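Okay, thanks for making time, everyone. I'd like to walk you through one structure today, so please bring it up on your screens.

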Amino acid sequence: MSKKNTKVLIALSLSAAFASVAHAEDFYVGGSLTAPNYNDQVNRYGDAESGRGPGAKLFGGYQYTPNVAVEAGWMNLGRTQNTGGAATIYGGFVDAVGTYSFAPKWSVLGRAGVAEARLTSSTGDASSAALKAGVGVQYDLTPKVAVRVEYEHYHFVSAFGDKPEVGQASVGLKIGF
């Protein structure tokens, strides 16, 4: 069994064990379509005007309290390119998410977390950790279904000798159990 498959098996086993202990109604899943904004070049490719979309985000979360949740998921930060080539970024993330209801059915949310991403370009591949932060607004369509509009910012630690920053605006759906 490969190292990657072992990690996936361990993660799934831990998730199943945790899910059996926790209340199912506190779990939720969701997805978003995103529009990435490359603020920096990635491996000499791309500039602020060359981000290509759409990107995507899939996530699952657990609502600890009405105002605090933890989310984990997969993100694709789209593609950036110029005449020299192209670069793409995708990977996983874990965030702490805080929400505050300011009107019936309306909430603001903030998030802070970490990500691990794979950056690929026509000259090679790299992996980098990232710090991330975001803000957004959520509207509850029903008690279990909500629409989210967010902006998230990723600051990568090291990719191809640089520290690129990528932002992404997103529109998505959150579905509770």
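Let me start with a term I'll lean on: when I say salt bridge, I mean a side-chain nitrogen of Lys or Arg within 4 Å of a carboxyl oxygen of Asp or Glu. With that in hand, here's the thing to look at: Lys57, Glu71, Asp95, Arg111, Lys132, Arg148, Glu150 and Glu152 are linked in a network of salt bridges. Across the structure there are nine salt bridges. Before going further, do keep in mind that this is a predicted model.

So how confident is the predictor? The mean pLDDT of the chain is 80, with 72% of its residues at 70 or more. One stretch to treat with care is residues 43-49, where pLDDT stays under 50. The model has 23 contacts beyond four places in sequence for that stretch.

Now the overall layout. What is the secondary structure made of? We have one helix and nine strands, and along the sequence that reads α-β-β-β-β-β-β-β-β-β. The chain has 177 residues, and 36% of them are buried. Take the contacts with a separation of 6 or more: 57% of those are between residues 24 or more positions apart. As for the outside, about 9400 Å² is exposed, and carbon and sulfur atoms supply 65% of that.

Back to the network, pair by pair. As a general reminder, side chains of opposite charge can pair when their charged atoms come close.

First up, Glu152 and Lys57. Their side chains meet in a salt bridge, 3.0 Å from N to O. Glu152 sits in strand E8 and Lys57 in strand E3, residues 55-65, so this pair ties together parts that are 95 residues apart in sequence. Buried or exposed, what would you say for Glu152? Glu152 comes out at 0% relative accessibility, so we call it buried. Lys57 is also at 0%, so Lys57 counts as buried as well.

Next, Glu71 and Arg148. Their closest N and O atoms are 2.7 Å apart, in another salt bridge. Here, too, distant parts of the chain are linked: Glu71 is in strand E4, residues 68-82, Arg148 is in strand E8, and 77 residues separate them. Glu71 and Arg148 are both buried.

Then there's Arg111 with Glu150, a salt bridge whose closest N and O atoms are 2.8 Å apart. Arg111 belongs to strand E6, residues 106-121, and Glu150 to strand E8, so to speak two distant parts of the chain, 39 residues apart. Again, both partners are buried.

Let's stay with Glu150 for a moment. Strand E8, where Glu150 lies, covers residues 145-156. Why do I call Glu150 buried? Because its relative accessible area is 4%, and the cut-off for buried is under 20%. The Glu150 side chain also makes a polar contact with the side chain of Lys57, at 3.4 Å. Leaving out residues up to four places away in sequence, Glu150 touches several others, including Leu109, Val135, Gly136, Gln168, Ala169 and Ser170.

A quick stop at Ser32, in strand E1, residues 27-38. Ser32 is at 8% relative accessibility, so it counts as buried. Which residues does Ser32 touch, not counting those up to four places away in sequence? Among them are Lys57, which you've already met, plus Gly55, Phe59 and Ser170. Also worth a look: the C-alpha atoms of Ser32 and Lys174 are separated by 8.8 Å, while the two residues are 142 apart along the chain.

Let's turn to the surface. Tyr64, Val68, Val70, Val94, Val114 and Leu131 form a nonpolar patch there, and together they have about 520 Å² of accessible area. Leu131 is in strand E7, residues 124-140. With a relative accessible area of 53%, Leu131 is exposed.

One last oddity is Lys105, which isn't a glycine but has a positive phi of about 75°. You'll find Lys105 in the loop between strand E5, residues 85-103, and E6. Its relative accessible area is 44%, so Lys105 is partly exposed.

If you take one picture away, make it the network of salt bridges that links, among others, Lys57, Arg111, Glu150 and Glu152. That's it from me, thanks.

Conventions. Residues numbered from 1 in each chain as written. Heavy atoms only, no water. Helix = DSSP H or I, 4+ residues; strand = E, 2+ residues; numbered from the N terminus. Buried < 20%, exposed > 50% of the residue type's maximum accessible area, 1.4 Å probe, protein only. Polar contact = N/O pair within 3.5 Å; in protein donor to acceptor, adjacent residues only side chain to side chain. Contact = heavy atoms within 4.5 Å. Patch = residues over 30% accessible without salt bridge, like charges linked within 9 Å, V, L, I, M, F, W, Y side chains within 5 Å. Areas by Shrake-Rupley, 256 points an atom, 1.4 Å probe, with all protein chains shown as cover. pLDDT = per-residue confidence, 0-100.
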